[in-house]
Amino acid sequence: FNQYLSNQHLLNLYLLNQYLLNQYLSNQYLLNRYLSSWYLLNQYLLNRYLLNQYLSNRYLFNQYLSNQHLLNLYLLNQYLLNQYLSNQYLLNRYLSSWYLLNQYLLNRYLLNQYLSNRYLFNQYLSNRYLLNQYSALIPLLPIPS
């Protein structure tokens, strides 16, 4: 009977050890599942964070490109405006020079007209003088019979 009890006791110990071993293995399995889930969750969150970082950087990069584009447009507009103003200035200088040349030529023409008229007027006075001289001589001429 003692032998039976001893065997029963050993069997119980064996069964208890088996049970505890199964519990331990089951707990290990659950722990591994938990840790695996935790790891996967962390991976998911990390990937989510990295995706957000990427999208944020992409947005900032697009903002940078957009700002660069706007800056380039602004600089181009400034350049074209400066070109336009420079061309306007040169055009005004050209037109001003053309106006001054025309004024000079007109004044030259008017001066020539004046000098020509002065010459003709002097010719007229000279002819008038000669006519007066001739008229003064007419009474002195003999009258033909």
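Is Phe61 buried, exposed or partly exposed, and what is its relative accessible area? In this predicted model, Phe61 is partly exposed, with a relative accessible area of 44%. The report below sets this residue in the context of the whole protein.

**Overall form**

The secondary structure of the protein consists of one helix and zero strands. The radius of gyration is 61 Å, whereas the globule rule gives 15 Å for 145 residues; the protein is therefore more spread out than a compact globule. The principal axes express this in another way, since the C-alpha trace spans about 210 × 15 × 5 Å along them. A pair of residues illustrates the separation along the chain: Asn57 and Tyr134 are 77 residues apart in sequence, and their C-alpha atoms are separated by 112 Å.

**Surface and burial**

Of the 145 residues of the protein, 0% count as buried. The accessible surface amounts to about 13800 Å², and carbon and sulfur atoms account for 63% of that area. Asn57, a residue of helix α1, is partly exposed, with a relative accessible area of 44%. For such a residue, the value falls between the 20% limit for buried and the 50% limit for exposed.

**Aromatic pairs**

How many aromatic pairs does a search of the whole structure find? The search finds four. Two of them are described here, beginning with Tyr34 and Trp38, which form a stacked pair. Helix α1 covers residues 2-137, and Tyr34 and Trp38 are four residues apart in it, a separation of about one helical turn. Trp38 is partly exposed, and its relative accessible area is 46%.

Phe61 and Tyr64 form another stacked pair. These two residues are three residues apart in helix α1, which again corresponds to about one helical turn. Tyr64 is partly exposed, with a relative accessible area of 45%, and its partner Phe61 is partly exposed at 44%.

The geometry of the two pairs is set out below.

| Aromatic pair | Centre to centre | Angle between the planes |
|---|---|---|
| Tyr34 and Trp38 | 6.4 Å | 20° |
| Phe61 and Tyr64 | 6.4 Å | 25° |

Both pairs count as stacked because planes under 30 degrees apart are classed in this way: the angle is 20° for Tyr34 and Trp38, and 25° for Phe61 and Tyr64.

**Summary**

The model shows a protein with one helix and zero strands, a C-alpha trace spanning about 210 × 15 × 5 Å, and 0% of its residues counted as buried. Stacked aromatic pairs in it include Tyr34 with Trp38 and Phe61 with Tyr64.

Terms used: Residues numbered from 1 in each chain as written. Predicted model: local features only at pLDDT ≥ 70, side-chain atom pairs only at ≥ 80, totals over all residues. Heavy atoms only, no water. Rg over C-alpha atoms; globule rule 2.2 N^0.38 Å. Buried < 20%, exposed > 50% of the residue type's maximum accessible area, 1.4 Å probe, protein only. Areas by Shrake-Rupley, 256 points an atom, 1.4 Å probe, with all protein chains shown as cover. Phe/Tyr/Trp six-rings, centres within 6.5 Å; stacked < 30°, edge-to-face > 60°.
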